[in-house]
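Pull up the structure and keep the sequence beside it. Let's take a walk through it together, one stop at a time.

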Amino acid sequence: MAKGYSIFSLAKHALRPSEPWPEAWEKPVPKSSYDVIIIGGGGHGLATAYYLAKDHGVKNIAVLEKSYIGSGNVGRNTTLIRSNYMIGGNTAFFEKSMQLWEGLSHELNFNCMVSHRGQMTLAVSPGQVDAFARRGNTMRLNGIDAELLDRNEVMKELPYLDFSKEARFPIHGAIHQPRAGTVRHDAVAWGYARAASQLGVHIIENCEVSAILRDGDKVVGVETSRGKILSNKIGIAVAGHTSHVAAMAGLRLPVESHILQAFVTEPVKPIVHHVVSWGAELFYLSQSDKGGMVFGGHIDGFNTYTQRGQFHRIQNVMECATTLLPFMSRMRLLRHWGGIQDMTPDGSPFICKTPIDGLYLNGGWCYQGFKATPASGTTFAYMIANDQEHELTGGFSLDRFEKGKELDEYGIGNWIYKQ
Amino acid sequence: MRIPCPHCGERDVAEFRYGGDASNVRPSHGSGDLKQWHDYKFIFDNPQGPHLEYWQHVYGCRQWFKLNRNTATNEIVGGER
């Protein structure tokens, strides 16, 4: 197994190309029991296992992944990170995530290509400038970087936008978070997997959970495609399929599974140096290091598990792209794909205990799963190790709708159907 | 995906709006059982398979109807008024 990656190991393998790089993580045969089982080997599951082993000294951990590492949403998102949240319950959590991103490549000894290129969210009316000023002030009061730019400042930074008199949505200004940016998402999955494996975590691929075994109100293990595996602590981190896995334990959740599409164009020379998002429609775009424009918009709008997007949403996202960035009309689309994500009634996630003893839930991430990965892993690991909530996740409980404590960041109620 | 509107015939999904799980039964008017209202409003079975759901033909007749669709394949079994 690979130990440290360094300039010396790089030189060694460059000089001796006949010696292949060793596997980044081990492929163990599953044991009959573990102290903790994490269902789901995506970013959140692997991060949870890593922090459980590193921060809480739990050594006997298995991560069960139904396919291969990197096959799910951790490799399907648009790689954006940001912490421009406004309401209590979200602000500190996503800022914690941002702080963890800042040191992640060193922490994991894996180059995650964390790029703090900054995010520009464009305001298209004077009212929106006011709303962004309020958001920015709230962020700054919480120690998060934010600055408000006027139209001329935006023109200097993003000259390629439509600043003409005929622009359908005239640009009035922008809110800029300089530390926001992008991360190479595959590296996050691989980096966490490798680092967890080096701490003794068993990463078991092609191992699909088919049943959650209970003894009364306690979990005792899981039935999988590779046999029965016992454990008194089980964490679910399978966003996209949370309802499906939770149903194995008899739980019904405030979650619907929806498809979100993403798009990438042919590579061109660098032109877009920030993450650009828009106040007129849900639309976000960045240029990858390879040169392709990576962008996306809304969910398709109805629940599905198919990972196949609908054409009307493709058309809508292309209209957004060409309206905001006229040069996009001359770009050619290279690929588009879909990922299945949990949508919750208030657009916020769950990191919480369940009514079943020893069963912990991490899901409901809506559009924001990737950027949350490190904080989600840290806080979920804390919860599993101590059987109590981390101070940052108190708002992410399952019963918040019963208590009237929705975390409704955008103030639009049930946003699944608001498009 | 094309959706058979029971009033207008088959049209592209772009003309329609999804309206959620139609198997959830609304509690009777005036019922004060908050748990029942909570479950009606916020809890979804979210099955991977056959699903009875509401759709509205927004850019057509604007009628609401029920549709039986498989969420694993998007195959549509049938619509009803």
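What follows is a tour of some spots in chain B and then in chain A. Keep in mind as you go that this is a predicted model.

Start with chain B as a whole. This chain has 81 residues, and 37% of them count as buried. If you draw a box around the C-alpha atoms of chain B along the principal axes, you get roughly 40 × 30 × 20 Å. Inside that box sit one helix and six strands. Reading from the N terminus, the order in chain B is β-β-β-α-β-β-β.

Now zoom in on the start of that chain. Strand β1 of chain B covers residues 2–5, and its two faces have different surroundings: Ile3(B) and Cys5(B) are on the covered face, while Arg2(B) and Pro4(B) are on the uncovered one. That every-other-residue pattern makes sense, because side chains in a regular strand alternate between the two faces of the sheet. What does β1(B) pair with? Its antiparallel partner is strand β2 of chain B, residues 9–12, with four bridges between the two. To get from β1(B) to β2(B), the chain makes a hairpin of three residues. If you want a landmark for lining the strands up, find Ile3(B) and look across to Arg11(B) in β2(B).

Over to chain A, where there's a run of hairpins to follow. Strand β9 (residues 209–215) and strand β10 (residues 218–224) of chain A are antiparallel and share six bridges. Two residues lie between them in the hairpin, and Gly216(A), in the turn, has a positive phi of about 65°. Beside that turn, Asp215(A) stands opposite Lys218(A) of β10(A). Then comes another hairpin, again through two residues, which takes you from β10(A) to β11(A). Here β10(A) and strand β11 (residues 227–230) of chain A run antiparallel, joined by four bridges. The pair to look for is Thr224(A) with Gly227(A) of β11(A) opposite.

Next, look at the surface of chain A. Which residues gather in a patch of negative charge? They are Glu147(A), Asp150(A), Glu153(A) and Glu157(A). Both β5 (147–150) and α6 (151–157) of chain A chip in, with at least two residues of the patch apiece. Take Glu153(A), which sits in helix α6. With a relative accessible area of 35%, Glu153(A) is partly exposed.

There's a patch of another kind on chain A, too. Ile7(A), Phe8(A), Leu10(A) and Trp21(A) make a nonpolar surface patch of about 500 Å². Phe8(A) belongs to helix α1, residues 7–15. Is Phe8(A) buried or exposed? Its relative accessible area is 68%, so Phe8(A) is exposed, the cut-off being over 50%.

For a contrasting case, go to Cys320(A) in helix α9 of chain A, which spans residues 311–324. Cys320(A) has just 5% relative accessibility and therefore counts as buried, which is anything under 20%. Look for Gly297(A) while you're there: Gly297(A) and Cys320(A) are 23 residues apart in sequence, and their C-alpha atoms are 8.4 Å apart in space.

Key. Residues numbered from 1 in each chain as written. Chains lettered and ligands numbered in written order. Predicted model: local features only at pLDDT ≥ 70, side-chain atom pairs only at ≥ 80, totals over all residues. Heavy atoms only, no water. Buried < 20%, exposed > 50% of the residue type's maximum accessible area, 1.4 Å probe, protein only. Pairing = 2+ DSSP bridges. Patch = residues over 30% accessible without salt bridge, like charges linked within 9 Å, V, L, I, M, F, W, Y side chains within 5 Å. Areas by Shrake-Rupley, 256 points an atom, 1.4 Å probe, with all protein chains shown as cover. Salt bridge = Lys/Arg side-chain N within 4 Å of Asp/Glu carboxyl O. Lys, Arg positive; Asp, Glu negative; His and termini not counted. Charge placed at Lys NZ, Arg CZ, Asp CG, Glu CD.
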